[in-house]
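Here is a small set of exercises to work through with the structure open beside you. Try each task by yourself before reading its solution.

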Number of protein chains: 2
Amino acid sequence: MAIDSAAITAAVRAALEAQGVQVVGEKGLVPVGISNRHIHLSAAHVEALFGKGYELQPMKDLSQPGQYACKEQLTIVGPSMRAIEKVRVLGPVRKDTQVEISRTDVYTLKVKAPVRESGKIEGSAGVTIIGPKGVVTIDKGCIIANRHIHMSLEDGEKFGVKDNEYVNVEVNGERRTKWYDVQVRVHKDFRLEMHVDTDDANAVGIGNGAKVRIVKD
Amino acid sequence: MAIDSAAITAAVRAALEAQGVQVVGEKGLVPVGISNRHIHLSAAHVEALFGKGYELQPMKDLSQPGQYACKEQLTIVGPSMRAIEKVRVLGPVRKDTQVEISRTDVYTLKVKAPVRESGKIEGSAGVTIIGPKGVVTIDKGCIIANRHIHMSLEDGEKFGVKDNEYVNVEVNGERRTKWYDVQVRVHKDFRLEMHVDTDDANAVGIGNGAKVRIVKD
């Protein structure tokens, strides 16, 4: 049978707390996953960049169920005519191509990428994507991802937050910081993880798996 | 005669407030200066990198009186054997050479630079500096600068803070943030400005001259 480790942890915690033992640590904490720049592709753009009939090759599962890093990497170029090479493609294919970069990349490429929730690409920036079999220039879809937290329905209840609610997050990195206006995405298929880009991670000095705390104020 | 514009502003503000007019805007705000990676050199290292008898050539004054950007740029290399080129030298010469980089640069160079107050280089990282006439490898002096605010004695009184006090700062950037543990440096020769590196600036999405607010909590 499958063990529900969260339930075991909760039971032990409750038993200890009933005896007056203060349990510190994991409670209320959210692990961080740092998103390097990456590309989601539409089926049409997979063929335009890699050739007719091409299929993305999964390389490694990501923390969110069904999502994976692909073997494929692409080059992106902006109005500066400078290129950023080896940008990882993530699968599976999506309805719309989306290129997620950091503000540091914005200065390299000179693209006007806005901070956006994933999928909200109307009015966002264009960029050129270079593949082994073709070049695609999108007129929207290049964004800086907003700070967001994925969580399951159970974690939504545990943290007392609803889908699409915004919370604040305390970060005890090497440079202590509070992140405001962090979007919470609650879905039965999500696993608890806060996603930030390399600029946010490097500013505070944390790595993958660091724990941050949701706060009310 | 020289006009003390801060005194004029304060007098107008006081006169308006005496009439019950609420003055919003600049009060309590601090302009931001974003520090890109840069190098301070000792006199001995100027000669080692540029040749005997060489003197740094001032190019542009910086906001803090007496400090200037030089025409000279250098290349730095870390254990990754990757180089970062065109790193600006700042003058005047200092007692110790100090290389200030961002955490993003740390990942490029693979140097173990700690977050430090300027000048506190004991136990910090080493790095190799390449100049047109020589190469210098320092065994300490490579740091990530801490977040800090320069202010005059008058501004220290206005803000109610002392030299070396730590404050928190609210940042209304594209991604709203609070920076904790910001060091305040009060000195008669300083001009009001908060210094952050490119990681902090890019994480919140602000440029030079953005205004941030010192808060008590």
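The exercises below deal with a predicted model, and each task is followed by a worked solution.

**Exercise 1. How the two chains are related**

Task: Find the turn, and the shift along the axis, by which chain B can be laid on chain A.

Solution:
- Step 1. Start with the general idea: a rotation about an axis, together with a shift along it, relates two copies of a chain.
- Step 2. Here the turn is 180 degrees and the shift along the axis is 0.0 Å, and chain B then lies on chain A with an RMSD of 0.2 Å.
- Step 3. The two copies are therefore related as by a two-fold rotation axis.
- Step 4. To place that axis in your view, look for K178(B): in chain B its C-alpha is the nearest to the axis, at 2.4 Å.

**Exercise 2. The surface between the chains**

Task: Describe the interface of chain B and chain A, beginning with how many residues of each are in contact.

Solution:
- Step 1. Count the residues: 25 of chain B are in contact with 25 of chain A.
- Step 2. Compare the two sides. Of the interface residues of chain B, 100% are also interface residues in chain A, so the copies meet through the same surface.
- Step 3. Turn to the area. About 2200 Å² is buried between chain B and chain A, and carbon and sulfur atoms give 41% of this.
- Step 4. Look at the polar pairs: across the interface, 21 residue pairs are in polar contact.
- Step 5. Add the salt bridges, of which there are eight between chain B and chain A. One of them joins R175(B) to D200(A), with the closest N and O atoms 3.5 Å apart.
- Step 6. Ask which elements supply the side of chain B that touches chain A. At least two residues each come from α3 (103-109), β9 (135-145), β12 (177-186) and α5 (198-204) of chain B.
- Step 7. Sort the residues of that side of chain B: ten are nonpolar, four polar and eleven charged.

**Exercise 3. An aspartate in helix α5**

Task: Decide whether D199(B) is buried or exposed, and list what D199(B) touches.

Solution:
- Step 1. Locate D199(B) in helix α5 of chain B.
- Step 2. Check its accessibility. Buried means under 20% relative accessible area, and D199(B), at 2%, counts as buried.
- Step 3. Leave out residues up to four places away in sequence. From chain A, D199(B) then touches R175(A), D199(A), N202(A) and A203(A). From chain B, D199(B) touches S102(B), R103(B) and T104(B).
- Step 4. Consider S102(B) again. S102(B) and D199(B) are 97 residues apart along the chain, yet their C-alpha atoms are separated by 6.3 Å.

**Exercise 4. A serine in a loop**

Task: Work out where S124(B) lies and which backbone oxygen lies 2.6 Å from a polar atom of its side chain.

Solution:
- Step 1. Find S124(B) in the loop between β7 (115-116) and β8 (125-130) of chain B.
- Step 2. Note that S124(B) is buried, its relative accessible area being 7%.
- Step 3. The backbone oxygen in question belongs to I121(B).
- Step 4. Leaving aside neighbours within four places in sequence, the contacts of S124(B) include P114(B) and R116(B). Also among them is the run D139(B), K140(B), G141(B), C142(B) and I143(B).

**Exercise 5. Two histidines**

Task: Find which side chain makes a polar contact with the side chain of H195(A).

Solution:
- Step 1. H195(A) sits in strand β13 (residues 193-197) of chain A.
- Step 2. With 14% relative accessibility, H195(A) counts as buried.
- Step 3. The partner is H150(A), at 3.4 Å.
- Step 4. Other residues that H195(A) touches include G33(A), S35(A), S63(A) and Q64(A), and N146(A), R147(A) and H148(A) are also among them.

**Exercise 6. Backbone exceptions**

Task: Which peptide bond to P92(B) is cis, and what is the phi of N164(A)?

Solution:
- Step 1. Recall the background: most residues other than glycine have a negative phi, and most peptide bonds are trans.
- Step 2. The bond from G91(B) to P92(B) is cis, with omega near 5 degrees. P92(B) is in strand β5 (residues 83-94) of chain B.
- Step 3. In chain A, a cis peptide bond joins G91(A) and P92(A), with omega about 5 degrees.
- Step 4. N164(A), not a glycine, has a positive phi of about 75 degrees. N164(A) lies in the loop between α4 (153-159) and β11 (166-171) of chain A and is partly exposed, at 42%.
- Step 5. K110(A), also not a glycine, has a positive phi of about 60 degrees.

Terms used
Residues are numbered from 1 along each chain as its sequence is written. Chains are lettered from A and ligands numbered from 1 in the order in which they are written. This is a predicted model: local features need pLDDT of at least 70, side-chain atom pairs count only at pLDDT 80 or more; totals for chains, interfaces and linings use all residues. Side-chain values use heavy atoms; hydrogens and water are left out. Copies are superposed by least squares on the C-alpha atoms of residues with pLDDT of at least 70 in both. Contact means heavy atoms within 4.5 Å. Helices (H or I, at least four residues) and strands (E, at least two) are DSSP runs, numbered from the N terminus. Buried means under 20% relative accessible area, exposed over 50%, partly exposed in between (1.4 Å probe, protein chains only). A polar contact is a pair of N or O atoms within 3.5 Å; within protein, one must be able to donate a hydrogen and the other to accept it, and residues adjacent in sequence count only if both atoms are side-chain atoms. Buried area is the accessible area (1.4 Å probe) that two parts lose on being put together, summed over both. A salt bridge is a side-chain nitrogen of Lys or Arg within 4 Å of a carboxyl oxygen of Asp or Glu. Ala, Val, Leu, Ile, Met, Phe, Trp, Tyr, Cys and Pro count as nonpolar, Asp, Glu, Lys and Arg as charged, and the others, Gly among them, as polar.
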